Amino acid sequence: MKKFSSPNHHDYESYWSQLTSFINDNTNLSLEELWYNLNYWDLSPSPERFYSYEEAQNLFLSVIKNGIETGLSLYKATNEKKNIITDIIESQINPSTDVIIEIGGGWGRNIFALYMNQKYPHVDFIVGEVSTSGQEVCSLISKNYNTPIISTYFNYYDWENLINLIKVKNYKNICIFSNHSIEQIPYLEEKMFDDFLNLNVESLKFTHIEPVGFQLEGGNSTYTGNSMYNQNLFPILLKLKNTNKITITKILPDYFSIGGWMNCGSLIQWEKIN
């Protein structure tokens, strides 16, 4: 089963597995403290070691938000990313929402950030992840801190497991998002979107923060033709819109990035038309 777009992308099995020892050796940390430490490691320019709070205040990164580039410390950049993700997803949530799912969610960084906000006592949290190590790290954190977060297998080339889980749980109002995971899939299959749209649900809302600006009018054309990056997310969404299957509710090209323009995530939100 194919997992990633290219051997030049991260080997996520060994990448996420580096977190296990740190988690097991630091059980005295609160969930929030652990979350920050894992983010400092993951968001730093070269995650070769874990950073302290003091070090994170003195390591500076280029951050882009709404087309404006600034320099922020690793600590502030981590907070900015957390706030952006939570604000965007919170805008999609209402009292009837059953579940929040991140596809390609790694060890669960974004889902744990949403959970720590403690604004959704009625909502289930699911992290869909292709790598075994990512699933194991997410499950380890969830177990150690007694959270309701579930990690399950999801692959952009093999999505049936997640579809079946949604059916078994009988979710009716679903919020799904991706954050820099579709970027690694050169060509998505339209059938994946059709299978989600064919679910018997009352509402289905998707959010993507992905470096696909070159696919959007007014977006960054840096990656046009680069075979490692996704080429067809927005063309698929346009086709679904033109066939009256979805409504595209928001498009913000080159919306947010940690690390500069070369990997800037564009925001796209859409909903199923019932």
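Reader: By class, what residues make up the lining of the second largest cavity?
Author: In this predicted model, the lining of the second largest cavity is made up of two nonpolar, three polar and three charged residues.

Reader: Which residues are they, by name, that line the second largest cavity?
Author: The lining consists of Trp35, Asn39, Leu43, Thr78, Lys81, Lys82, Arg109 and Asn110. Helix H2 (31-43), helix H4 (74-90) and helix H5 (109-117) are the elements that each give two or more residues to that lining.

Reader: How many cavities of 30 Å³ or more turn up in the whole structure, and about how much space lies in the second largest one?
Author: A search of the whole structure finds two cavities of 30 Å³ or more, and the second largest cavity holds about 30 Å³ of space.

Reader: Staying with those helices, at what angle do H2 and H4 pack?
Author: H2 and H4 pack at an angle of about 105°, and their axes are 10 Å apart. Because of that angle, H2 counts as roughly perpendicular to H4.

Reader: And which residues meet where H2 packs on H4?
Author: On the H2 side there are Trp35, Tyr36, Asn39, Tyr40 and Leu43, and these meet Leu74, Tyr75, Thr78, Asn79, Lys81 and Lys82 in H4. Sorted by class, the contact of H2 with H4 has six nonpolar, three polar and two charged residues.

Reader: Changing topic to the sheet, what is the order of the strands?
Author: It is an open sheet of nine strands with mixed pairing, and the order is E2-E1-E8-E9-E7-E6-E3-E4-E5. E2 and strand E5 (150-153) are the edge strands, each of them pairing on one side only. From one strand to the next, the twist averages 20°.

Reader: How many bridges join E1 to E2?
Author: Strand E1 (residues 60-65) and strand E2 (residues 68-73) run antiparallel and are joined by six bridges. Among the bridge partners, Val63 goes with Thr70 in E2, and Ser62 goes with Gly71 in E2.

Reader: And how many bridges are there between E1 and E8?
Author: E1 pairs with strand E8 (residues 246-258) over three bridges, in the antiparallel sense. One of the residues involved is Lys65, whose bridge partner in E8 is Phe256.

Reader: What takes a positive phi in the hairpin of E1 and E2?
Author: That is Asn66, which has a positive phi of about 55° although it is not a glycine. Asn66 is found in the loop between E1 and E2, and the hairpin has two residues between the strands. As background, most residues other than glycine have a negative phi.

Reader: Then what about Asn244, and where is its place?
Author: Asn244 is a residue other than glycine with a positive phi, near 60°. The place of Asn244 is in the loop between helix H9 (233-242) and E8.

Reader: Last one, which strands does helix H7 lie across?
Author: Helix H7 (residues 160-169) lies across strand E3 (99-103), strand E4 (124-129), E5 and strand E6 (173-179), and H7 runs at about 135° to E5. Of those strands, E5 is one of the two edge strands mentioned earlier, E2 being the other.

How values were computed. Residues numbered from 1 in each chain as written. Predicted model: local features only at pLDDT ≥ 70, side-chain atom pairs only at ≥ 80, totals over all residues. Heavy atoms only, no water. 1 Å grid on protein atoms, 1.4 Å probe; cavity = no way out; pocket = protein on both sides within 12 Å on 5 of 7 lines; lining within 4 Å. Points joined across faces, edges and corners; volume = space filled by probe spheres on them. Helix = DSSP H or I, 4+ residues; strand = E, 2+ residues; numbered from the N terminus. Nonpolar A, V, L, I, M, F, W, Y, C, P; charged D, E, K, R; others polar. Pairing = 2+ DSSP bridges. Axes fitted to C-alpha atoms, helices over the stretch in contact; angles between N-to-C directions. Contact = heavy atoms within 4.5 Å. Parallel < 35°, antiparallel > 145°, perpendicular 65-115°, else oblique.
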